[in-house]
Amino acid sequence: PPDSIPRAHTHQALPPSLLSSSSSSCGWLILQRHPTSPADGAAMDCLKSLIVILLAFMLLHSVQGQTSCPRTFNIFGEQRVYSVCQNLGAQAATLAWTYFPGNQRLQIAFSGTAPSLRGWVGWGLNPTDWGMVGSSVLVAFQASNGSNVLPYKLTAAAEGGDRLVCSPVDLEILEKSVDISGTQMRIFATLQLKPGQTSLNMVWNRGAEVVNFSPQPHSLLPQDLRGFNTIDVW
């Protein structure tokens with residue numbers, strides 16, 4: 001039957017009277033601009049000022065975040081610029097490095113803050129696993145002989161409470177030095193990596209005391225239990 005045949009819908013232009021009204025029976029809504037009072041204008045100006053201040057603060061914070069990871073250091077009179085710097089997160093530590101693919105050498109500058117003037121900071125690599133046990137580390141601290149940066153092997157026995165002593169490590173360390181100013185400590189080192197060894201299991205930590213060149217255990221606070229990560233240096 002004719003009534004069952006779909007009918008084409010056509011759109012007709014709305015008369016001017018409908019266009020000028022604020023609403024119509026077909027559901028159209030046309031917003032009208034109302035004049036604002038002086039109080040509304042002042043509130044809007046205040047809101048704009050707050051937005052500008054907020055954006056400026058966010059920009060300043062972003063710039064500070066970008067410059068808080070130094071790549072340039074003065075190492076005993078020699079200025080060295082590293083290729084990359086990374087904020088490590090835990091303990092506000094940073095690591096800058098340059099990797100030389102031609103000879104598989106890695107230059108690093110680790111920056112950390114000891115909990116006290118008698119404290120230590122350490123950085124190193126775990127060649128076989130992800131975590132502290134089995135890691136070979138360099139530890140910086142002040143002692144009666146001045147500033148030190150010495151190698152230590154983090155064994156299961158040391159984790160169990162045995163005294164940590166300076167020992168041979170699994171890293172081929174070509175050179176190392178340290179810069180200590182108060183509780184701020186920086187470890188510089190050049191390591192010889194193996195061919196293709198560019199993904200590294202890294203560890204770092206800090207402690208409040210060193211006794212007879214033996215770094216004492218670090219605290220068990222959350223920020224002192226997160227010092228490990230994997231980085232790709234190339």
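The following legends describe close-up views of a predicted model.

**View 1. The largest pocket and the residues around its centre.** The largest pocket encloses a volume of about 700 Å³. Its lining comprises 31 residues. Nearest the centre of this pocket lie L154, A158, E159, P217 and H218. Sorted by class, the lining of the largest pocket consists of 17 nonpolar, 9 polar and 5 charged residues.

**View 2. Secondary-structure elements in the lining of the largest pocket.** Strands β6 (120–126), β7 (136–143), β11 (199–207) and β13 (214–215) each supply at least two residues of this lining. Helix α3 (156–159) likewise supplies at least two residues.

**View 3. The second largest pocket and its lining.** The space in this pocket amounts to about 170 Å³. L125 and P127 belong to the lining, as do D170, L171 and E172. The lining further includes L191, Q192, L193 and K194, together with Q197. Of the residues that line the second largest pocket, 5 are nonpolar, 2 are polar and 3 are charged.

**View 4. The disulfide between C69 and C85.** A search of the whole structure yields 1 disulfide. The sulfur atoms of C69 and C85 are 2.0 Å apart, and the link is left-handed, with -85 degrees about the S-S bond. This pair connects distant parts of the chain, 16 residues apart. C69 is located in the loop between α2 (38–67) and β1 (72–75), whereas C85 belongs to strand β3 (residues 84–87). Both cysteines, C69 and C85, are buried.

**View 5. The surroundings of T113 in strand β5.** T113 is part of strand β5, which spans residues 105–113. The relative accessibility of T113 is 25%, so this residue counts as partly exposed, a class that lies between the limits of 20% and 50%. When neighbours within four places in sequence are left aside, T113 is in contact with V121, T183, Q184 and R206. With Q184 there is also a polar contact, formed between the side chains of T113 and Q184 at 3.3 Å. Q91 is 22 residues from T113 in sequence, and the C-alpha atoms of T113 and Q91 are 7.5 Å apart in space.

**View 6. The exposure of C166.** C166 has a relative accessible area of 44% and is therefore partly exposed, since buried residues fall under 20% and exposed residues over 50%. The cysteines C69 and C85 of View 4, in contrast, are both buried.

Notes:
Residues are numbered from 1 along each chain as its sequence is written. This is a predicted model: local features need pLDDT of at least 70, side-chain atom pairs count only at pLDDT 80 or more; totals for chains, interfaces and linings use all residues. Side-chain values use heavy atoms; hydrogens and water are left out. On a 1 Å grid over the protein atoms alone, a cavity is a set of points where a 1.4 Å probe fits but cannot get out, and a pocket is an open set with protein on both sides within 12 Å along at least five of seven lines; lining residues have an atom within 4 Å of a point. Grid points are joined across faces, edges and corners, and a volume is the space filled by probe spheres set on the points. Helices (H or I, at least four residues) and strands (E, at least two) are DSSP runs, numbered from the N terminus. Ala, Val, Leu, Ile, Met, Phe, Trp, Tyr, Cys and Pro count as nonpolar, Asp, Glu, Lys and Arg as charged, and the others, Gly among them, as polar. A disulfide is a pair of cysteine sulfur atoms within 2.5 Å. Buried means under 20% relative accessible area, exposed over 50%, partly exposed in between (1.4 Å probe, protein chains only). Contact means heavy atoms within 4.5 Å. A polar contact is a pair of N or O atoms within 3.5 Å; within protein, one must be able to donate a hydrogen and the other to accept it, and residues adjacent in sequence count only if both atoms are side-chain atoms.
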